[in-house]
Amino acid sequence: MRQVYVNGDYLPETEARISVFDRGFLFADGVYEVTLVLDGKLVDFAGHMRRLRRSLGELGMAFALTDEDLLDIHRELIRQNDIEEGLVYLQVTRGSADRDFLFPAEETPNTVVLFTQKKSLVDSPLAERGQHVVTVEDLRWRRCDIKTVQLLYPSMAKMEAKSRGADDAWLVKDGYVTEGSSNNAYIVTPEGTVVTRDLSTDILHGITREAVLQCAEDLQLRIEERPFTVEEAENAAEAFSTSASGLVSPVVRINGREVGPGRPGPIAARLRQIYLERSRASAV
Ligand code: PLP
């Protein structure tokens with residue numbers, strides 16, 4: 001049985017408990033991170049910790065554990081669950097207190113939960129085939145840069161995509177794509193420029209995005225960080241998404257229209273390969 005971490009203890013998942021008054025449960029008052037595991041090691045752990053601190057800071061949430069503490073916990077869970085490839089999920093909430101919109105006292109202990117998911121992410125049938133995406137209006141709150149556990153709208157968008165026969169939703173605000181339901185979105189123009197939305201409060205600042213843009217720069221690809229329209233995406237030469245769980249995932253159909261020849265493109269394939277090589281080399 002899977003072992004999980006809850007507030008200092010490693011427990012079988014069926015024995016783990018959190019309070020019904022937990023603010024993560026009642027108010028989505030919590031933040032999370034998902035870190036990729038390759039060869040039993042953590043990919044871009046420092047980047048995930050940097051973003052975790054930023055999310056906590058933006059929400060004014062105190063948190064006592066250090067990055068070293070969290071690295072130890074991640075590694076212990078990987079060891080106990082024998083994870084070679086998969087994900088580690090980390091969630092920190094403002095803790096539990098009697099239900100009140102006002103935050104509880106600063107000294108209220110956080111709730112800290114971690115668990116692993118054993119998954120084959122490198123050999124992915126979806127990445128081989130290429131994703132079909134449909135566009136859905138971006139109705140999320142206006143602080144999409146904070147990685148909160150408030151994921152109902154992305155979940156609804158993904159359900160809508162599924163009901164329309166697609167694999168995922170790309171979210172659209174004022175005619176421009178913001179990002180995928182749980183990933184960053186990119187197109188490659190017919191001229192070969194990689195385009196992805198610029199960083200702002202409209203999107204999550206993907207850790208994979210940062211690494212993949214560095215790969216693109218090192219490959220001397222032209223990069224433009226700017227919003228792109230749905231029409232531009234439908235007429236692109238290639239499209240893809242990035243995330244810790246999807247790595248670099250080609251998109252071959254947008255709103256039922258084939259992107260380029262309707263097969264995963266060479267730039268996405270090259271970026272996926274280089275990103276994987278670098279991630280394996282730098283994992284801790
Ligand atoms: N955008 C959204 C909305 C996400 O939920 C995620 C990941 O969960 C990403 C982008 C990709 O971020 P990362 O590359 O850090 O996994």
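Start at the ligand of this predicted model and select I207: a polar backbone atom of I207 is 2.8 Å from an oxygen atom of the ligand. With the ligand still in view, note its cover: the protein takes up 92% of the 390 Å² of accessible area that the ligand has on its own.

Next, select R51, where an N or O atom in the side chain is 2.8 Å from an oxygen atom of the ligand. Then go to K147, which places a polar side-chain atom 2.8 Å from a ligand oxygen atom. Now show the whole surround, which consists of 17 residues. The closest of them are R51, K147, E179, I207 and T208.

Leave the ligand and select helix 2, residues 45-58. Helix 2 lies across strand 3 (30-38), strand 4 and strand 5 (86-93). Relative to strand 3, helix 2 runs at about 175 degrees.

Turn to the sheet. Six strands form an open sheet in the order 2-1-6-5-3-4, and their pairing is antiparallel. Select residues 9-12 and 41-42 to see the edges: these are strand 2 and strand 4, and each pairs on one side only.

Move to strand 1 (residues 3-6) and strand 6 (residues 111-118), which run antiparallel and are joined by two bridges. Pick V6 and look for its bridge partner in strand 6, which is V113.

Finish with the aromatic side chains, which make six pairs in the structure. For one of these, select Y89 and F115. The ring centres of Y89 and F115 are 4.7 Å apart and the planes are at 15 degrees; planes under 30 degrees apart count as stacked, so this pair is stacked. Y89 belongs to strand 5 and F115 to strand 6, so the pair ties together parts that are 26 residues apart in sequence.

Notes
Residues numbered from 1 in each chain as written. Predicted model: local features only at pLDDT ≥ 70, side-chain atom pairs only at ≥ 80, totals over all residues. Heavy atoms only, no water. Pairing = 2+ DSSP bridges. Helix = DSSP H or I, 4+ residues; strand = E, 2+ residues; numbered from the N terminus. Contact = heavy atoms within 4.5 Å. Axes fitted to C-alpha atoms, helices over the stretch in contact; angles between N-to-C directions. Near = heavy atom within 4 Å. Polar contact = N/O pair within 3.5 Å; in protein donor to acceptor, adjacent residues only side chain to side chain. Areas by Shrake-Rupley, 256 points an atom, 1.4 Å probe, with all protein chains shown as cover. Phe/Tyr/Trp six-rings, centres within 6.5 Å; stacked < 30°, edge-to-face > 60°.
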